[in-house]
Amino acid sequence: MASPASLYRPLTVADTVEILADGAADLLAGGTDLVPALRTGRRRPRRIIALRRVLELRTRGASADGLIIGAGVTYQDLAGWSLSPGLAATARVVGSPQIRNLGTVGGALGTADPRGDLLTFLSAADAEVVLRSVHGARTVTVPSYLAEGRDPTELITAVRLPRPCGPQAYLKVGARQAASAAVVSCALVVDRVRERVACAIGGVAGRPVRPVAAEDFVRAGVDWATGTAPPDVVAGFGELVTEAVRAVEDPLPDDPRASVAYRRHAAGVLAARAAGRCLSGPSPVRSAGGR
């Protein structure tokens, strides 16, 4: 019989990374992934670091041009955050109320579920992940983090993302909009200051897909004086997103809820719908979540 895991409850980030220094501990924040794994025996860590008392991880704030969100911030904390309407819309459709009250930003990044709502939005928002170890801190983009993973000696302390400068949308397809993982999802971020459109599609590959050609196409078709795009540009954007998803090298396989072909089609439909919502009027910031 395996011996029970040792439990540590540090109070600071510095103490946490000292315990993590040998890479032989599991992190416990909201517990939405670790606790079920412990119950079924899929995970048998020698040490567990409970992060609830590390208050440094539970802060969020803003500067003139950016937002910073601690890894311990929950989805519920974000659901009503007016500084980032798109992030708030995303948080509102994550899981059940219990999951939103417990699940954290750091937990979503640590699990890196390819269907994860938060990962999809952060990928579109050009967010960065802040990690710390006993050797210091480093910052990487979300795509780089998802490609490389977290070193077991590191702690995710925060994410940083630009302040919204235009409409944002997050749409997903699922059996029940707020109570299941997304079958496929789409995040769209419009920056009217830099005249950029960024999109990420979740649920179709091992990590969110950025359809660069589609982004370039819709950006060129937007009238930036009004922040609007004609219907043919919106429709063409959706078609190019479908093409981008079809070309991914690591597609998620068919599953009982949706085939690969369905998810590819749905990605284009969601993208066109999100673009229609974000580029149909002059409102400086507009968000959409759920259906």
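**Exercise 1. The cavity**

How do the residues of the lining of the largest cavity divide into nonpolar, polar and charged?

*Solution.* The model is a predicted one, in which local features need pLDDT of at least 70 and side-chain atom pairs count only at pLDDT 80 or more, while totals for chains, interfaces and linings use all residues. Residues are numbered from 1 along each chain as its sequence is written, and side-chain values use heavy atoms, with hydrogens and water left out.

Start with the terms: on a 1 Å grid over the protein atoms alone, a cavity is a set of points where a 1.4 Å probe fits but cannot get out, a pocket is an open set with protein on both sides within 12 Å along at least five of seven lines, and lining residues have an atom within 4 Å of a point. A volume is the space filled by probe spheres set on the points, which are joined across faces, edges and corners.

Next, list the lining of the largest cavity, which consists of Val-204, Val-245, Pro-251, Leu-252, Val-260, Arg-263 and Arg-264. With Ala, Val, Leu, Ile, Met, Phe, Trp, Tyr, Cys and Pro counted as nonpolar, Asp, Glu, Lys and Arg as charged, and the others, Gly among them, as polar, this lining divides into five nonpolar, no polar and two charged residues. The space in the largest cavity is about 40 Å³, and H11 gives the most to its lining, with three residues.

**Exercise 2. The sheet E9-E10-E11 and its helices**

Describe the strand order of this sheet and the helices that lie across it.

*Solution.* Helices (H or I, at least four residues) and strands (E, at least two) are DSSP runs, numbered from the N terminus, and two strands pair if DSSP finds at least two bridges between them. By these terms, three strands form an open sheet in the order E9-E10-E11, with antiparallel pairing. The edge strands, each pairing on one side only, are E9 (168–173) and E11. Six bridges join E9 to E10, and Leu-171 stands opposite Cys-186 in E10.

For the helices, axes are lines fitted to C-alpha atoms, for helices over the stretch in contact, and angles run from 0 to 180 degrees between N-to-C directions; contact means heavy atoms within 4.5 Å. Helix H7 (residues 117–124) lies across E9, E10 and E11 at about 155° to E11, whereas helix H11 (residues 260–278) lies across these three strands at about 30° to E10.

**Exercise 3. The second largest pocket**

Which strands each supply at least two residues of the lining of the second largest pocket?

*Solution.* The strands are E8 (155–162), E10 (184–191) and E11 (196–202). The pocket has a volume of about 220 Å³, and of its 18 lining residues the closest to its centre are Ala-125, Pro-162, Val-189, Asp-191 and Arg-196. The lining divides into 10 nonpolar, two polar and six charged residues.

**Exercise 4. Two packed helices**

Why are H9 and H10 described as roughly antiparallel to each other?

*Solution.* Helix H9 (residues 212–221) and helix H10 (residues 231–246) pack at an angle of about 170°, with their axes 8 Å apart. Angles under 35 degrees count as roughly parallel, over 145 as roughly antiparallel, 65 to 115 as roughly perpendicular and the rest as oblique, and H9 and H10 are therefore roughly antiparallel. In the contact, residues of H9 including Phe-217 and Val-218 meet residues of H10, among them Phe-237 and Leu-240; the residues of this contact divide into eight nonpolar, two polar and one charged.
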